[in-house]
Amino acid sequence: RLSRFIPKRIAVCAHRAVQVHADLGYATEKMTVIPNGYDLARFAPAPETRAQFRQEWGVPDDVPLIGTVARFNPQKDHANLIEALARLHRQNVTFRAVLVGTGMSTSNETVAAHLARCGLTDRVIMLGARSDIPAVMNTLDIHVLSSSFGEAFPNVLAESMACGTPCVTTDVGDAAFIVGDTGWVVPPRAPDELGDALAQAITEWQDGNTWSERKRMARERITDNFSIERMVKRYREVW
């Protein structure tokens with residue numbers, strides 16, 4: 001009720017947030033969507049880190065590396081991702097994967113057991129929490145967001161794309177808006193569709209020229225739409 005009287009404007013970071021708050025009774029006619037902005041000097045292509053990290057992780061240069069940066073939480077739906085990777089494994093698709101984030105270490109018995117059941121123990125590396133996310137994003141060939149609910153404006157998509165890493169994502173929050181036509185968007189809780197999208201991405205990755213163009217488009221979408229300077233400018237306009 002107060003949202004109809006006190007604020008002149010209400011800033012939200014995602015189009016999806018407008019609908020969520022409309023359902024809660026907020027005055028959406030006062031809302032302005034201002035997407036998050038990113039430090040494009042920090043999140044930027046850095047090819048030199050790719051070889052270093054892949055050697056450290058034991059991933060050959062000619063093997064596509066899939067990765068996700070997400071804490072261990074039901075919202076992030078790692079089970080969905082693992083089942084999608086299992087589908088690739090059953091189809092004899094060559095790949096390696098890394099799981100990065102709080103709780104995503106070998107001490108996580110739930111995830112470790114799921115990987116073992118799917119025959120993925122040797123395919124997936126659990127790296128735990130890291131402080132060098134831009135370098136991790138640069139090392140990945142494909143970044144995946146497998147969330148099933150609760151996302152607004154998933155920062156990891158924009159951060160990976162800013163590093164020139166294309167994304168496969170579930171259709172949660174503003175994920176589809178962020179990715180645009182630079183990646184793949186599938187329904188949440190649909191591991192077969194997620195696996196098929198990953199297979200498509202890997203097939204394209206094998207064509208170096210096509211993949212280089214997709215990487216360029218991913219970076220360009222973030223620089224054109226989601227720079228921190230653009231975000232600050234829009235907040236100043238609202239003020």
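**A walk through the side-chain contacts**

Let's start with lysine 76, which is buried, with a relative accessible area of 11%. One thing to keep in mind as you look around: this is a predicted model. The cut-off for calling a residue buried is a relative accessible area under 20%, so lysine 76 at 11% falls on the buried side.

What does lysine 76 form a salt bridge with? The partner is glutamate 151, and the closest N and O atoms of the two are 2.7 Å apart. Follow the chain and you'll see that this pair links distant parts of it. Lysine 76 is in the loop between β3 (65-69) and α3 (78-90), while glutamate 151 is in the loop between β6 and α6, 75 residues apart. Is glutamate 151 buried or exposed? Its relative accessibility is 12%, so it counts as buried.

That salt bridge has company, since a search of the whole structure turns up 11 salt bridges. Among them is the one between arginine 87 and aspartate 192, where the closest N and O atoms are 3.3 Å apart. Arginine 87 lies in helix α3 and aspartate 192 in helix α8 (residues 191-205), so this pair ties together parts that are 105 residues apart in sequence. Aspartate 192 has a relative accessibility of 41%, so it counts as partly exposed.

Now move along to helix α9 for a salt bridge inside one helix. Here glutamate 213 pairs up with arginine 216, with the closest N and O atoms 2.5 Å apart. The two residues are 3 apart in helix α9, so about one helical turn separates them. Glutamate 213 is partly exposed, with a relative accessible area of 35%, and arginine 216 also counts as partly exposed, at 38% relative accessibility. Salt bridges can join up into networks too: Arg50, Arg54, Asp61 and Asp141 are linked that way.

Next come the aromatic rings. A pair of rings is described by how far apart the centres are and by the angle between the planes. How many aromatic pairs does the count come to? There are 4. One of them is made by phenylalanine 153 and phenylalanine 226, which sit edge-to-face, 5.5 Å centre to centre and with 70° between the planes. Once again, distant parts of the chain are linked. Phenylalanine 153 is in the loop between β6 (142-145) and α6 (155-162), and phenylalanine 226 is in the loop between α9 (208-225) and α10 (228-238), 73 residues apart. Both of these phenylalanines are buried.

Phenylalanine 226 has a second ring partner in phenylalanine 177. The centres of these two rings are 5.7 Å apart and the planes are at 80°, so this pair is edge-to-face. Why edge-to-face? Because planes over 60 degrees apart count that way, and here the angle is 80°. Phenylalanine 177 lies in helix α7 (residues 175-179) and phenylalanine 226 in the loop between α9 and α10, so the contact ties together parts 49 residues apart in sequence. Put the ring pairs together and Phe153, Phe177 and Phe226 are linked into a cluster.

How covered are these rings? Phenylalanine 226 is buried, with a relative accessible area of 1%, whereas phenylalanine 177 counts as partly exposed at 33% relative accessibility. Phenylalanine 177 also has a charge for a neighbour: the charged end of arginine 221 sits over the ring, 5.7 Å from the ring centre.

On to the surface. Leu2, Phe5 and Ile6 form a nonpolar patch there, with about 400 Å² of accessible area together. Leucine 2 belongs to the segment before β1 (10-12), and it is exposed, with a relative accessible area of 60%.

Last stop: the backbone. Most residues other than glycine have a negative phi. Which residues go against that habit here? Asparagine 92 has a positive phi of about 60° although it is not a glycine. Asparagine 92 lies in the loop between α3 and β4 (96-100) and is exposed, with a relative accessible area of 67%. Arginine 189 also has a positive phi, of about 55°, and is likewise not a glycine. You'll find arginine 189 in the loop between β8 (184-186) and α8, where it is exposed, with a relative accessible area of 56%.

Conventions:
Residues numbered from 1 in each chain as written. Heavy atoms only, no water. Phe/Tyr/Trp six-rings, centres within 6.5 Å; stacked < 30°, edge-to-face > 60°. Helix = DSSP H or I, 4+ residues; strand = E, 2+ residues; numbered from the N terminus. Buried < 20%, exposed > 50% of the residue type's maximum accessible area, 1.4 Å probe, protein only. Lys NZ or Arg CZ within 6 Å of the ring centre and 35° of its normal. Salt bridge = Lys/Arg side-chain N within 4 Å of Asp/Glu carboxyl O. Patch = residues over 30% accessible without salt bridge, like charges linked within 9 Å, V, L, I, M, F, W, Y side chains within 5 Å. Areas by Shrake-Rupley, 256 points an atom, 1.4 Å probe, with all protein chains shown as cover.
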